[in-house]
Amino acid sequence: MPRYMTMSALYAPTLKEDPAEAELASHRLLLRAGMIRRTASGVYSYLPLAWRSIKKIERIVREEMDAIGAQEMLTPILSPAELWEESGRWSVYGPELMRVHDRHDRDFALGPTHEETITDLVRGELRSYKQLPVSLYQIQTKFRDERRPRFGLMRGREFIMKDAYSFDANVEGMQASYDAMKGAYARICERVGLKALPVVADSGQIGGDTSVEFMALADAGEAAIVYCDCGYAADEEAAVVQVKAAEGPGGPEVERVHTPGLGAISDVAAFFDVPESACRKSIAIVDGEGRAIVCIIPGDHEFNEIKAAKHFGDFRMMGDEELEDAGLVKGFIGPVGLPEGVALYCDGSLEGSTCWLVGANEADYHLTGVRPGRDFEPIAWLDLVSAKEGDGCPECGLPLHEARGIEVSQVFQLGTKYSESMHATFADEDGQEKPFQMGCYGVGISRTLAAVVEQSNDEHGIVWPVPVAPYEVAVLALSMKDAEVADAARGLSEALAEAGIDVIFDDRDERAGVKFAEADLMGFPYQLVCGKRGIANGVCELKDRATGERSEVALAEAAAMVASLVRERRS
Ligand code: ATP
Ligand code: MG
């Protein structure tokens, strides 16, 4: 059996055309290179090339986990409903939880994450502070019935995750376990070849760094991030930033101005010839308890539903009918003279600004010169808007930049959330029974693969970073009919395999153009090209897929030289 793979044997059904369903480069290229195939919506098979890359990512993850003392294990995918009822998540997880029942009509979840299973596993058996800390991890298929599965491996309903859980005796211990995990996650991103940012995920209101997401930077990423030159970075949804709200037009007194048909902020700003930040936007919602609420935010910022949900619970935007029923005029809502029964909240960034341009709560009219405290009083000033480019960094005040990212992993301090609800305790030094301080951590293995391709591709195909390339070198024999060429190429493949390099030999009777195109599409980091004329002169051509650079290399030295290039770029 040869120690190298051949293209003639490889199962990689490539596509000539771009698949219509693929919007993202990574999705398109993984399909075209014959690496993945869709079985059902959000459910994919990994073909041999993809599986080799997955295994390399997993190996890097395992090395980093083992290095911080985490222990690998495997829990079942099936998870009995009773455990989820104990934690309270059987009902709150909603339709995303894939549920099945057995022949005895017992309910199970297909694990989307394993806090319940793991907490149940250790309770009663991890008994003493002397046994702590413990970190356990696994690499396993997870299931989430995503509302919108899309982008191939990026957001699947069945996907591969490395999940880990830490158990500590106290908060300091949890912090240390968390920090170690965070360090390992940063190294994983670097080693798989991702440009990624650790981003504050949890609200700054809680304070400290209790959750960080690692975001692979990509224009097509679903997450919006703000970051600062000082090193601060946060999810737009989580960042509590300094917003500079401009003062509105008008004098010291309230003036009622006729603004016919000008319901949209952009129209209002143009009419008064002021920036949108000088306008105030009014958002009408109904909170979890059915209370009608108006929120006033800066005109140039977006209302953030995740932040709002923290204050208002399970709220919804008011529809046209509800607006009417509450006595609110669409497009002209404002804080002054709200109908009775409508509660008023304002975004904290507006506190201290004294001249507001707002809707008049009357069709086709706005008010200028409105002053908080004198003309109205909100129930509270809350953090209600998403951060955006130019807002002040909460740590240093400098203007923030915007970027988009793909969440590839997340670390999370859980505290006693699960250990308390599930009664998982240990005997502490002082003899007292205490709940574990837990952390949970996840790396999207299959999403990482997609993220690498998303960051690393060009018009010809994938450009694999060496550490996760399915094969590190492709040897192309341009004319297999020529025995000298075929022998030279085979010899190179053998020598590279012998040197421990992952090599694939294109031994097919195909045209040179086809071989070049497929090697580029599949993205092998190095190509060694054996042509008739070169071989006759004792040389072959080396192509670096990333830079496109080509150089002539003596046949006798080619294998050793490429092997050392590959080793330098392994991680
Ligand atoms: P998202 O916000 O993208 O839905 P999440 O925050 O719900 O992800 P976690 O619970 O933090 O996901 O899961 C850990 C990791 O698993 C994520 O960082 C991501 O890399 C990966 N992951 C989560 N959902 C999916 C999915 N549907 N398909 C592929 N990978 C996923
Ligand atoms: Mg997450």
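Two strands count as paired if DSSP finds at least two bridges between them. Strands E30 and E31 in this predicted model pass that test, with 4 bridges in the antiparallel sense. This briefing starts from that pair. It then covers a second sheet, the nonpolar cores, a magnesium site and some backbone details.

**The six-strand sheet**

- E30 and E31 belong to an open sheet of 6 strands. The order is E1-E29-E28-E30-E31-E32, and the pairing is mixed.
- Strand E1 (5-6) and strand E32 (550-554) stand at the edges. Each has a single partner strand, so one side of each has no neighbour in the sheet.
- Between E30 and E31, Leu528 stands opposite Leu542.
- Strand E31 covers residues 539-544 and also pairs with E32, in the antiparallel sense, over 5 bridges.
- Two facing pairs can be picked out between E31 and E32. Cys540 has Val553 as its bridge partner, and Glu541 stands opposite Glu552.
- Is E31 enclosed or open to the outside? It is largely enclosed by the rest of the structure, because 5 of its 6 residues are buried.
- E31 and E32 form a hairpin with 5 residues between the strands. Gly548 in this hairpin takes a positive phi near 80 degrees.
- Helix H15 (residues 555-569) lies across four strands: E28 (473-477), E30 (526-530), E31 and E32. The helix runs at about 125 degrees to E32.
- In a regular strand, side chains alternate between the two faces of the sheet.

**The three-strand sheet**

- Another open sheet has 3 strands in the order E14-E20-E19, with antiparallel pairing.
- Its edge strands are E14 (255-258) and E19 (356-359), and each pairs on one side only.
- From one strand to the next, the twist averages 30 degrees.
- E14 pairs with E20 (residues 365-370) in the antiparallel sense, over 4 bridges. Arg256 stands opposite Leu367 of E20.

**Nonpolar cores**

- In soluble globular proteins, nonpolar side chains tend to be buried together.
- The largest nonpolar core here has 63 residues. Which residues have the most contacts inside it? They are Met65, Tyr185 and Trp464.
- Helix H2 (residues 48-67) gives this core its largest share, 7 residues.
- Two domains each supply at least three residues to this core. They are domain 1 (5-10 + 471-569) and domain 2 (35-240 + 402-454).
- What does Met65 touch, leaving out residues up to four places away in sequence? The contacts are Ala70, Tyr137, Lys162, Met181, Ala184, Tyr185 and Ile188.
- Another core, of 28 residues, lies apart from the largest one. Val475, Cys540, Ala558 and Ala563 are among its members.
- Cys540 therefore has two roles to trace in the model: it is a member of this second core, and it is the bridge partner of Val553 in E32.

**The magnesium site**

- Which residues supply the protein donors of the magnesium ion (ligand 2)? They are Glu407, through OE, and Gln410, through OE1.
- These donors lie 2.0 to 2.2 Å from the ion.
- Glu407 has 26% relative accessibility, so it counts as partly exposed. Partly exposed residues fall between the buried limit, under 20%, and the exposed limit, over 50%.
- Gln410 also counts as partly exposed, at 22% relative accessibility.

**Backbone details**

- Most residues other than glycine have a negative phi, and most peptide bonds are trans. The residues below depart from those habits in one way or the other.
- The peptide bond from Leu132 to Pro133 is cis, with omega near 0 degrees. Pro133 sits in the loop between helix H5 (115-122) and strand E8 (134-143).
- Asp105 has a positive phi of about 65 degrees, although it is not a glycine. Its place is in the loop between strand E6 (98-101) and strand E7 (107-110).
- Is Asp105 buried or exposed? Asp105 is exposed, because its relative accessible area is 59%.
- Phe151 also has a positive phi, near 60 degrees, and it too is not a glycine. Phe151 lies in the loop between E8 and strand E9 (158-168).
- Phe151 has 9% relative accessibility, so it counts as buried.

Note on methods: Residues are numbered from 1 along each chain as its sequence is written. Chains are lettered from A and ligands numbered from 1 in the order in which they are written. This is a predicted model: local features need pLDDT of at least 70, side-chain atom pairs count only at pLDDT 80 or more; totals for chains, interfaces and linings use all residues. Side-chain values use heavy atoms; hydrogens and water are left out. Axes are lines fitted to C-alpha atoms, for helices over the stretch in contact, and angles run from 0 to 180 degrees between N-to-C directions. Contact means heavy atoms within 4.5 Å. Donors are N, O and S atoms within 2.8 Å of the metal (3.2 Å for Na, K and Ca); water is not among the atoms, so sites may look incomplete. Buried means under 20% relative accessible area, exposed over 50%, partly exposed in between (1.4 Å probe, protein chains only). A nonpolar core is a set of buried Ala, Val, Leu, Ile, Met, Phe, Trp, Tyr and Cys residues joined through side-chain atoms within 4.5 Å. Domain bounds come from an automatic or database domain assignment.
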